[in-house]
Amino acid sequence: MDQLRLSPSRVNDFTNCPQLYKYRAILNLPEQISLDAERGKLVHSVLEDLFELPREERLSESALEILPTAWKKQISDNPELGQMVTNEKEWMDRAESLLETYFTLENPQEFDSTYRELHLEKNFTEEIYLHGYVDRLDIAPTGEVRIVDYKTGKSPKPGWEEKALFQLRVYALLYWRNEGVLPRVLQLIYLGDGKIVKSSPTEKVLEATERILHNIGEEILTAIETDFFPTKKSRLCDWCSFKNICPAHN
Ligand code: SF4
C-alpha cells in the first residue's frame with residue numbers, strides 16, 4: 001500500500017465523518033465550489049502578495065489595489081466561479097471588508113514575513129507522510145518563530161479554541177521536528193470578526209499532538225484495510241458536497 005498522506009484537513013475530515021474522508025481522500029470525488037472557500041482563497045492571495053511589497057507600501061490601500069488583479073486571475077483559472085458570483089460588487093465589498101479588518105489586527109509595516117504558503121512535510125512513520133501548507137511563518141531577528149493562519153470566518157466560541165489550534169500545532173510539530181526549533185507563537189487571525197487566537201506551544205503539547213496524529217493515522221489505515229468508513233451525521237452535513245449520495249441521508 002502507498003504511504004498514507006496525512007494533513008490537518010484530512011485529519012479533520014476523518015474525525016468529523018469517516019465517510020466524508022473516504023469520498024474526499026480515497027475516492028477523490030469532485031466537489032461543488034464553495035463561495036466561502038473561494039473568497040478565503042482570494043483574500044489569502046492578496047495577503048500573500050502584500051508581504052512581497054516593501055514595508056512602507058504595505059498599506060490597506062495597496063491590498064485593495066491588489067484585490068481586482070487577484071480576482072481576475074482567480075476567475076481566469078476557474079471560469080465557473082466567475083459565473084457563480086452573480087453580484088460582483090457585493091463579492092468585492094465583502095473581500096475588501098475582510099482585508100480592512102486585517103489591518104485592524106496587525107501592522108504589516110512593523111515586521112517582515114519569512115515565508116508565505118510554506119510547505120512543511122515529513123515521513124512521519126514508514127506508513128504515514130505528514131504535510132501541510134502554512135499561510136505565513138515569521139522568523140524574528142532574535143530567531144523566534146511565529147506561525148500564522150488567516151481565517152475568513154469568525155473566531156471559535158469560548159471552549160473551542162483548542163480544536164481550532166490543532167492545525168497550527170501540526171505545523172509547529174513539523175517545523176520543530178525538521179528544524180529543531182520550537183515555534184514561539186501560534187496565531188489564528190479571524191478576519192470574519194476581527195479576533196486573534198494565540199498560543200505558545202510547549203514540547204509537551206506538541207508531543208501530545210504527535211500521539212494524536214499517530215492514533216488517527218492508525219485508525220485511518222485500519223479503515224482503509226477493512227474498507228469501513230462509518231457515516232457521522234452532524235450539522236456539517238448541510239455543507240457536505242456528498243449529502244445526495246451519502247447513505248446516512250438516502
Ligand atoms: S452528509 Fe454528513 S454523514 Fe454523509 S458524508 Fe457528508 S458529513 Fe458524512
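The following questions and answers look at helix packing and the ligand surroundings in a predicted model.

Student: What should I know about the numbering and the model before we begin?
Tutor: Residues are numbered from 1 along each chain as its sequence is written, and side-chain values use heavy atoms, with hydrogens and water left out. Because this is a predicted model, local features need pLDDT of at least 70 and side-chain atom pairs count only at pLDDT 80 or more, while totals for chains, interfaces and linings use all residues.

Student: Which residues does the UniProt annotation "domain: PD-(D/E)XK endonuclease-like" cover?
Tutor: The annotation comes from an unreviewed UniProt entry, and such annotations may be inferred rather than shown by experiment. Over the stretch in question the chain is 49% helix and 17% strand, where helices (H or I, at least four residues) and strands (E, at least two) are DSSP runs numbered from the N terminus. The record places the domain at residues 5–247.

Student: Are helix 1 and helix 7 parallel or oblique to each other?
Tutor: The axes of helix 1 (residues 8–16) and helix 7 (residues 161–179) come within 10 Å and cross at roughly 140 degrees; axes are lines fitted to C-alpha atoms, for helices over the stretch in contact, and angles run from 0 to 180 degrees between N-to-C directions. Angles under 35 degrees count as roughly parallel, over 145 as roughly antiparallel, 65 to 115 as roughly perpendicular and the rest as oblique. Helix 1 is therefore, relative to helix 7, oblique.

Student: How many charged residues are in the contact of helix 3 with helix 6?
Tutor: The axes of helix 3 (residues 35–50) and helix 6 (residues 88–105) come within 10 Å and cross at roughly 50 degrees. The contact (heavy atoms within 4.5 Å) includes Leu 35, Glu 38 and Arg 39 of helix 3 and Trp 91 and Arg 94 of helix 6. Ala, Val, Leu, Ile, Met, Phe, Trp, Tyr, Cys and Pro count as nonpolar, Asp, Glu, Lys and Arg as charged, and the others, Gly among them, as polar. By that scheme the contact has 12 nonpolar residues, no polar ones, and charged residues numbering three.

Student: Which residues of helix 1 meet helix 8?
Tutor: Helix 1 and helix 8 (residues 203–226) pack at an angle of about 65 degrees, with their axes 11 Å apart. On the helix 8 side the partners are Leu 213, Ile 216, Glu 219, Ile 220 and Ala 223, and on the helix 1 side they are Val 11, Phe 14 and Thr 15.

Student: How many nonpolar residues are in the shell around the ligand?
Tutor: Residues around the ligand, with a heavy atom within 4 Å of it, include Cys 17, Cys 237, Cys 240, Cys 246 and His 249. The shell has three polar and two charged residues, and its nonpolar residues number six.
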